[in-house]
Every structure is written in structure tokens, then in C-alpha cells.
Amino acid sequence: MLFLELLIAILLGISAGIVTGLIPGIHINLVSILLLSVSAYFLNITSPLVLACFVIAMSITHTFLDSIPSIFLGAPDPDMALSVLPGHKLLLEGKGYEAVKLTVIGSLLCLILTILIIPFMIPFVPQLYSFIQPYMGHILIFVVAYMILKESGLNKKVLGLLVFVVSGILGLIVLNTPNLSQPLLAMLSGLFGVSTLVTSLNDNVEVPKQTITDSIKIPKLNTIKALGAAVFSGSLTGMMPGLGAAQAAVLGMQIVGNVGPYAFMILIGGINTVNFLFSLVTLYTLQKARNGAVVAVLEIVKSIDLTDLIVLISCAAIAGGIATFLAMFITKGFSNIISKINYKIVCISIILLISILVLIFNGPLGILILITSTALGIIPPQLGIKRSLSMGCLLLPVILFFML
């Protein structure tokens, strides 16, 4: 009976993950909080572990599918913000299908690799956490300094520092503003999503017919580097409070170096999955939750033992396998439709959709944040510096969290 309940929970979780993954603004944290609010009713008819499996299946499916709206629509999930940039470029080359495929490959291979290393990591996580936690702020400062120093020429280094600081100040203001239910939606959508769409509108971009092929070839060494960096940075940030897949992406980028846009998509796809999966290990070893969905799991089950962890990881593996096929099937549909639609109308529609979602969740103040973030997001490409420095909106608050 329990097996049947778990199977139903996984299938329902996958269905919910399709919704959260494909619809911008509907995040797994929102669904998890809603589930938590009605969990007392469901606990009368099923067990806490079954509800936890629903959350895990939804969250893993979400990490496989959230690259689709990021790449095809320029409407990023907070954890996939950096994927918009190379993903959009590949879309304009007629390779949107392959861009998503690369992120799915990253998610699936990193899911498998993380499951394989978890048994070896469990005994060392408490010691690693105790050792790294005091130095996390210093590590992030080093990463940011390296990012800025990689800019060519003194002028671009100064401009890069300025973009990082201004983005960081924006992040501090937004994240410390009360009564914002989804502050990252407005800020990251503006910095990485709407700003890209506005630029496309200004440049009169047209989306070519998408080819559903396997023309992209990646050197094996670059693939190994991307997977290794994804597993390392995703696991590291999965242990630390205040860090998530977005920060892991910045850290992974600096670790792996220039591996090209294709391997970068594998990196970005994998990090999101690793970060969530490893947060389950943190929950088991430290009894601490590192993201909204895992907070909901902890509230429902109170604590997990080794058997529970094995069940939850098995649910993640099943959901990941099914989500792989779902992602490619859905992407084929997007590929066939996107070039047949007027891209200007698509851009304007997505900007309006994001604006409406921001207004619903955060009111007029959210619209102000969205406009400000969009204006700031347009600046880096105009100055010829990396837009990843705009991740200062998350990195600076986290650095101050660890240092102060």
C-alpha cells in the first residue's frame, strides 16, 4: 500500500513540477508553502513521507524543465537566470532544442553522479560544514574579485566593479524590503529576462526555424569539467545557509573557466539539480533546511532517518528519469511553434506576463523593482562587460551575511 501511495505521490509531484517548471513565476517554494498550509488534512489520509516524496518529485522535475521558458521565452526561474544569455544566443542560431537538451543532460548526469557520491559524503558533511562555514564569505569575495579581474582592461574592470556594487545594493534593498512574497521574481526577471527581451525588441531580432538535431559536439574534457564543477559547487552551496543554485552557478563558472557556451549549459542545468538533491543530505546530516521546498519537507516529516533519505533519493531518481523524456518531448513542441510566431509579440507578451505576475505577488513596488532591474540589466552588454556580474544582487547580500 505504501509503495502505491509513493508512486502516486511521485506522479502527482512530476505533474506539479511540469506546471512550476514551465510557467514563469510559479515556483516550487510557492507550491510547497501551499501544501504545507493544508498538510494537516492530507496527513489524515497518508503519511508524512508520502507528502515529502511529492515535494521531492516536483522539485526535481522543476530543475529539468525550468530551462525551457528561460531559453525559449527569456523568462528565467531565479535558479536559471544565467542560462538565459547563452541559451538565447543558441535559440537565435536555431538551436533552442539543443540548448535545452544540454541542460537536461547536465541535470540527468549530475543527478546520477550526486546519488553515487552521497554515500561517501554523508560521514563527512558535518565536518565539512564546520570547516568551510567560517570561510564562506572569504571564498565568495575571492570569486567576485576573480570575476572582476577577468574583465579586459582597467576601464572594464572598474565598470565591472561598479555593476557588481550597484547590483549588490539593489539586492540588499530588495531582499530587506518587507511584504515582498517573491522578491527574486522581479529582480532577477528584470536583470536577466526582461532586459534581454527589451534588447531583442530594440535590435529587431527574429527567431529562425529551430532544428531538432544533434549537431552540437562538445569535447569530453569540457563536459567532464562542467559536470565536476556542477557537482562540487552545487554540493557546497547545498550545505550553506543563504546560498542556492544561482550562487553555485557563479562559483561553478569560475572553477571551470572558459569551456564554451555548450558545456556552460550542461553546467547550469546540472547545478540546479545537484543543489536541491544535496540539500536533502544536509537535511539528514545537519537537520537543517537550505531552501523553501526542503523547509516544507522538514516541517512535514520533522526529521529524517537513513531509510527516509534512501526513499527520498529514490523518488528523485525516478522523477529525474521521467522528467528527462518529458523535457525533450515538450521542447520539441516549443521548437516547432516558436519560429511560427511573431517574436516581437512573444517578447511583449512575456514582458506583460512577468509584469502581471510581479504585480500580483509584490504589488506596485514589485513593478518599480522590475523596471529598475531591467534598466540595470541592459547596462552590462552595452558596456561590453559580463552580465554575470549583475549576480552581485545575490552575492553581495550573502557575503555580508557571512562576514558580519
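Helices here are DSSP runs of H or I, at least four residues long, numbered from the N terminus. The model is predicted. By that numbering, H1 gives six residues to a nonpolar surface patch, the largest share. The structure also holds two salt bridges. Helix H14 is largely enclosed by the rest of the structure, because 22 of its 27 residues are buried.

**Nonpolar surface patch**

- The patch is made of Phe-3, Leu-4, Leu-7, Ile-8, Leu-11, Leu-12, Ile-318 and Ile-322.
- Together these residues have about 740 Å² of accessible area.
- Two helices, H1 (2-22) and H16 (306-338), each supply at least two of the patch residues.
- Phe-3 sits in helix H1.
- Phe-3 has 65% relative accessibility, so it counts as exposed; the cut-off is over 50%.
- An α-helix has 3.6 residues a turn, so residues three or four places apart point the same way.

**Salt bridges**

- Side chains of opposite charge can pair when their charged atoms come close.
- One salt bridge joins the side chains of Glu-93 and Lys-89, at 2.9 Å from N to O.
- Glu-93 is partly exposed, at a relative accessible area of 38%.
- The other pairs the side chains of Lys-386 and Glu-151, with an N to O distance of 3.9 Å.
- This pair links distant parts of the chain, 235 residues apart.
- Lys-386 lies in the loop between helix H17 (343-383) and helix H18 (392-403).
- Glu-151 lies in the loop between helix H9 (136-149) and helix H10 (154-175).
- Lys-386 is partly exposed, with 38% relative accessibility.
- Glu-151 has 4% relative accessibility, so it counts as buried; the cut-off is under 20%.

**Helix H14**

- H14 covers residues 260-286, Asn-272 among them.
- At 1.5 Å a residue, its 27 residues should span 39 Å.
- The end C-alpha atoms of H14 are 37 Å apart, which agrees with that expected span.
- Asn-272 is buried, at 4% relative accessible area.
- The side chain of Asn-272 makes a polar contact with the side chain of Asp-66, at 2.7 Å.
- Gln-287 follows H14 and has a positive phi, near 55 degrees.

**Positive phi in loops**

- Most residues other than glycine have a negative phi.
- Asn-179 is not a glycine, yet its phi is positive, about 65 degrees.
- Asn-179 is placed in the loop between H10 and helix H11 (183-202).
- Asn-179 is exposed, with 76% relative accessibility.
- Lys-302 is not a glycine either, and its phi is positive at about 70 degrees.
- Lys-302 is placed in the loop between helix H15 (292-301) and H16.
- Lys-302 is exposed, with a relative accessible area of 59%.

**Ala-52 in helix H4**

- Ala-52 belongs to helix H4, residues 48-65.
- Ala-52 is buried, and its relative accessible area is 0%.
- Leaving aside residues up to four places away in sequence, Ala-52 touches Val-297, Val-301 and Leu-312.
- Asp-308 is 256 residues from Ala-52 in sequence.
- In space, the C-alpha atoms of Ala-52 and Asp-308 are 9.6 Å apart.

**Thr-46 in the loop before H4**

- Thr-46 is in the loop between helix H3 (39-42) and H4.
- Thr-46 has a relative accessible area of 19%, so it is buried under the 20% cut-off.
- Its side chain makes a polar contact with the side chain of Glu-5, at 2.9 Å.
- Thr-46 touches Glu-5 and Leu-51, not counting residues up to four places away in sequence.

Technical notes
Residues numbered from 1 in each chain as written. Predicted model: local features only at pLDDT ≥ 70, side-chain atom pairs only at ≥ 80, totals over all residues. Heavy atoms only, no water. Salt bridge = Lys/Arg side-chain N within 4 Å of Asp/Glu carboxyl O. Buried < 20%, exposed > 50% of the residue type's maximum accessible area, 1.4 Å probe, protein only. Contact = heavy atoms within 4.5 Å. Polar contact = N/O pair within 3.5 Å; in protein donor to acceptor, adjacent residues only side chain to side chain. Patch = residues over 30% accessible without salt bridge, like charges linked within 9 Å, V, L, I, M, F, W, Y side chains within 5 Å. Areas by Shrake-Rupley, 256 points an atom, 1.4 Å probe, with all protein chains shown as cover. Expected span 1.5 Å × (residues − 1).
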